[in-house]
Amino acid sequence: MLSTRLTNARFLTMDPDHPVAHDLGIWQGRIVGLDEAVTSLPAREVIDLQGATVLPGFIDAHVHLAWTGFKENTPSIAGCTRIEDVLAVVEEAVRQKGTPGAWVSIAGYDQRALGRHLTAAELDTVSHGHKLFLLHDSGHGCVVNSAVLDLLPADLSRDGGFLAEGAMGSARALRLPYSQRELAEAIGRAARTCLAEGVTACAEAGIGGTLVGHSPVELGAYQLAREEGLLPLRVQLMVSADRLHPVAAHEADGIPRSLDLGLRTGFGDDRLSVGALKIFTDGGMMARTAALSSPYEGLDHAGQLQDDPDVLGDTIVDGHLAGWQLAVHAIGDRAADIALDALERAQRLRPRPGARHRIEHAGLIRPDQLPRFARLGVSAVVQPNFLRYFGDDYAAIMGEERAPWLYRGRAFLDQGITLVGSSDRPVTDGSPLRAIQFMVERASESGQLIGPDEALTVDEALRAYTVAGAFACHWDDRLGSLTPGKLADLVVIGDDPRRVDPSRIGDIEVVATYVDGRWTGKAAS
């Protein structure tokens, strides 16, 4: 007997052997058959989906759940376009805090809306003895007041109060980590948001590190969230590479640096597991710190690397030798050169063709770099919604020649490179359907076409958020398609994205999500 049979729906299975179905059977959390194989079988529950479209649950291969959850509960200056309005919001947050000398966090900072960066001196006028930390929306910078600057090393680059990359990390390190309870609750809030958008599995892009980590015991917070029912979707955890340290392993293992106990990619189960090692090579385009091979348009610099190129390369090689899958953050083309050079060296030292190494973002990739991705078998994990919302700005700072190379689609597929969709939530909108719309249209919110030759078909864009996402996370044996034997994770949507006008894809309603064959509730609830 089946646990559940879903019927009267259009199942887009993403499985070429059985691409469309009308019935799907579930038993013990797995898909057991389609159409005639299950139609006549008895079931404890038969659900009539009334003609809805059903897809494999979306996989978001690069998110920040804890950050998303905290941002939802943090005072925000998003939408402010005047310095005085920003300062008014900050001062109100300070007054709400009450405790003298306490840290006050503010979300939504983006200097582009203001025309320039805030300064520490301006924040001092509203800090009233508190330590202020305004996180840049990119996650690659912050603005702090003098009370924070006074605690930092004198030789740290501080640019009037704006701290980028490693300097920002130094400021974050001054703060006590969040408790596991606070983290678990933030993770739960973000997980519910993901489910509402049809995401049933995701990869948390960095725990325990200086830039994006929130605690040295952050993995325990995810375990707590799971134990207390706050983690209703599947999560794979990338570990920040700055957690690696020398280990006294046997010389035959060839492991120069590792985590304690040799922990690496693959530990865990279907609901919570350790994924890739996250390695930062550069910054972000919003903060103008992505490392380019030539300067930004209108600026006299080309971004920055996170460390000396040799140090970055050695970290990538050591992670590979220790048995990790690698997720190398490289947004600019100069950073991508360093990542590709190191990955090539690593595979030469110890070939691991099944490692499925990834380059996260791949924001600006030159034509000559594409064959190297393909030759190394590296996946490109992109964020289409970056160009949907920030594309006009990104195209302007890249200039006419480079703008078509931004967050590519078609060029990756034509080279046989696995193209993986993701959001980098909460940097921008996490909706897979809106991202899929961009991948098809290549149009920003203003209507500007950015790299129109990189456009995909709807089917190709859907694969990026299902089949390819599962492949990138080593989940392809259990997720990514509605295939008998795989886990019954699926999303019910109000229309078929292949049949509507592309301009409507992003507005298709997410009706419900199922994880392990269990209905998680209507998306809006």
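This passage walks through two helix pairs, a central strand with its partners, and a small open sheet in a predicted model. In this predicted model, local features need pLDDT of at least 70 and side-chain atom pairs count only at pLDDT 80 or more, while totals for chains, interfaces and linings use all residues. Residues are numbered from 1 along each chain as its sequence is written, and side-chain values use heavy atoms, with hydrogens and water left out.

A good place to begin is strand β17 (residues 272–280); helices (H or I, at least four residues) and strands (E, at least two) are DSSP runs numbered from the N terminus. In β17, 9 of the 9 residues are buried, so the strand is largely enclosed by the rest of the structure; buried means under 20% relative accessible area, with a 1.4 Å probe and protein chains only. Strands of a sheet pair through backbone hydrogen bonds, either parallel or antiparallel, and a pair is counted if DSSP finds at least two bridges. Strand β14 (residues 234–240) runs parallel to β17 and is joined to it by 5 bridges, with Gln236 opposite Ser273 of β17. Strand β18 (residues 326–330) also pairs with β17 in the parallel sense, over 4 bridges, and here Leu277 stands opposite Leu326.

Elsewhere, an open sheet of 4 strands follows the order β9-β10-β11-β12 with mixed pairing. Its edge strands, β9 (103–109) and β12 (162–164), each pair on one side only. From one strand to the next, the twist averages 25°. Strand β11 (residues 141–144) meets β12 in the antiparallel sense over 3 bridges, and Leu163 of β12 is the bridge partner of Cys142.

Turning to the helices, α10 (residues 309–321) and α11 (residues 333–349) pack at about 40° with their axes 9 Å apart. Axes are lines fitted to C-alpha atoms, for helices over the stretch in contact, and angles run from 0 to 180 degrees between N-to-C directions. The two helices α10 and α11 are therefore oblique to each other, that is, outside the ranges under 35, over 145 and 65 to 115 degrees. Their contact (heavy atoms within 4.5 Å) involves residues including Leu312 and Ile316 of α10 and Ala342 and Leu343 of α11.

Helices α13 (residues 384–402) and α15 (residues 432–441) pack at about 80°, their axes 8 Å apart, which makes α13 roughly perpendicular to α15. Among the residues that meet here are Leu387 and Tyr389 in α13 and Phe438 and Met439 in α15.

Technical notes:
Buried < 20%, exposed > 50% of the residue type's maximum accessible area, 1.4 Å probe, protein only.
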